[in-house]
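Biologist: I should like a close look at the empty space in this model. Please describe it carefully, and then set it among the parts that surround it, in terms a first-year student can follow.

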Amino acid sequence: MSLPLETKIATWQQALCEQGLLRQRHALITSHTGAGNAQFLYEGQTYLNFSSNDYLGLSQCPQLIAALQCAAQQYGVGSGASPLVTGYSEAHLALERRLCELTGHQASLLFGSGFSANTALIKTLFDKQDRVIADKLVHASIIDGLRDSGAGFNRFLHNSVESAERLLQGRQVAALITESVFSMDGDCAPLAAFAALCRQHGTWLIVDDAHGFGVLPGFDDGRAATRMDVQIVTFGKALGCQGAAILGSHALIAFLVSNAREYIYSTALSSASAALALAAVDHCVAHPELRAALADNIELFKRLCDETQIPLLDSTSAIQPVIIGDIAQTLSVAARLRAAGIWVGAIRPPTVPVGSARLRITLSAAHRPEDIAHCVNALAQALHFGE
Ligand SMILES: Cc1ncc(COP(=O)(O)O)c(C=O)c1O
């Protein structure tokens, strides 16, 4: 017999609370200062933000703020309908074409978020006749899509070409799915090796490029399509705005237009958002110095951590996790950092595997060297507290 819903909710929340897994929101104040996204206010205190995916500081970029204002004047603030009714405009088409130019894919399809792009792609493309393999650490949206699709799926060991190859031996596998930069570990997939393996086995390579697009070298070289059959890019990370696109062949995109329920039965991304994302893509291409500033900040952070013996994972990206393991300890270190004015995400299961709770520190081109030094000092003190 099912429990009354009030009882079910209370019991469930109580259990999460006891395990240190309750999730909470914080209403932050980020006002535009022209200085990037490196700080915000919360309950009257200023914090350095080491917990954002806005790797290039574009969410506060004056040119992009002006581009959004201009796009809202031109198109209004909403699309008014789903894309197949009257919600698709020249602004969407222009963004899709630009993404194709930059990546070499034939066609593109826009969504309001990366989560819906991933689930739409996967649950529409696969069914119970198909077998798919995916990296052990792929994003929740990919897992949800695979579950909804009914496809058989196996997970290979994280970033292991050998493990993936074993799963491909002797059976027909429709696709190998991975991420370019892993959202919680910050390491990069061996995409060239996966591409070669997939070619050998006649398997599609599908890459969630949420944390790579805009920051990884070659993102705009027009050749991504030679490395990946399908690429999902998001606009809410390095591009600093919102939305996502699936990139692939004409045939794939036409198939999704006719069959993807998330696309067909949902209000289209607004034209103003599409125009903003296009401006952000162009800004990103035109300003390689932002990537250079981010690379300098990553290097500085890693060097200072090395000097203070803070153990890091093997990540060269803007995502630099510090694994603590225990949930309560992770929360307590994050709280100590907060007391020092540093905001860092405490990431717990089920977002990461049990026993690997961590601080997920993210760097931005907008951080100043002194911000990074302060973060590392506070981190060293918080980690070694009580020793
Ligand atoms: C790897 C990965 N894919 C997809 C998404 C979803 O993208 P969005 O935030 O645009 O929904 C995220 C966001 O957390 C992500 O980390």
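Modeller: A cavity, as the word is used here, is a set of grid points where a 1.4 Å probe fits but cannot get out. A pocket, by contrast, is an open set of such points. Please keep in mind throughout that this is a predicted model.

Let us begin with the enclosed space. The structure holds 1 cavity of 30 Å³ or more. The space in the largest cavity amounts to about 40 Å³. Its lining is formed by P83, Y88, H92, E96, L110, Y263, A268 and L269. Sorted by class, this lining has 6 nonpolar residues, 1 polar residue and 1 charged residue. Since Glu is counted as charged and His falls among the polar residues, the charged member of the lining is E96 and the polar member is H92.

We may now turn from the enclosed space to an open one. The second largest pocket has a volume of about 330 Å³. It is lined by 19 residues, and those closest to the centre of the pocket are L58, S59, Q60, G240 and C241. Helix α2, which covers residues 62-75, contributes the most to this lining, with 4 residues. The lining as a whole comprises 8 nonpolar, 10 polar and 1 charged residues.

To place this pocket, one needs the division of the chain. Domain 1 takes in 22-56 and 288-384, while domain 2 runs over 62-286. Each of these two domains supplies at least three residues to the lining of the second largest pocket. The C-alpha centres of the two domains are 26 Å apart, and the contact between them involves 23 residues of domain 1 and 22 residues of domain 2.

The helices deserve attention next. Two packed helices are described by the angle between their axes and the distance between the axes. Helix α12 (residues 271-286) packs against helix α13 (residues 288-307) at an angle of about 70 degrees, and their axes are 5 Å apart. Angles of 65 to 115 degrees count as roughly perpendicular, and α12 and α13 are therefore roughly perpendicular to each other. On the side of α12 the contact is made by H283, C284, V285 and A286, and on the side of α13 by P288, E289, L290 and R291. This contact has 5 nonpolar, 1 polar and 2 charged residues.

A second pair of helices may be read in the same manner. The axes of helix α5 (residues 114-125) and helix α10 (residues 250-259) come within 10 Å and cross at roughly 95 degrees, so α5 and α10 are also roughly perpendicular to each other. Here A120, L121, T124 and L125 of α5 meet L252, F255, L256 and N259 of α10. The residues of this contact divide into 6 nonpolar and 2 polar, with no charged residue.

Finally, two details of the backbone may be noted in loops. P349 and P350 are joined by a cis peptide bond, with omega about 5 degrees; P350 is placed in the loop between β12 (345-347) and β13 (357-362). E43, in the loop between β1 (39-42) and β2 (45-49), has a phi near 45 degrees, which is a positive value in a residue other than glycine.

Terms used. Residues are numbered from 1 along each chain as its sequence is written. This is a predicted model: local features need pLDDT of at least 70, side-chain atom pairs count only at pLDDT 80 or more; totals for chains, interfaces and linings use all residues. Side-chain values use heavy atoms; hydrogens and water are left out. On a 1 Å grid over the protein atoms alone, a cavity is a set of points where a 1.4 Å probe fits but cannot get out, and a pocket is an open set with protein on both sides within 12 Å along at least five of seven lines; lining residues have an atom within 4 Å of a point. Grid points are joined across faces, edges and corners, and a volume is the space filled by probe spheres set on the points. Domain bounds come from an automatic or database domain assignment. Axes are lines fitted to C-alpha atoms, for helices over the stretch in contact, and angles run from 0 to 180 degrees between N-to-C directions. Angles under 35 degrees count as roughly parallel, over 145 as roughly antiparallel, 65 to 115 as roughly perpendicular and the rest as oblique. Contact means heavy atoms within 4.5 Å.
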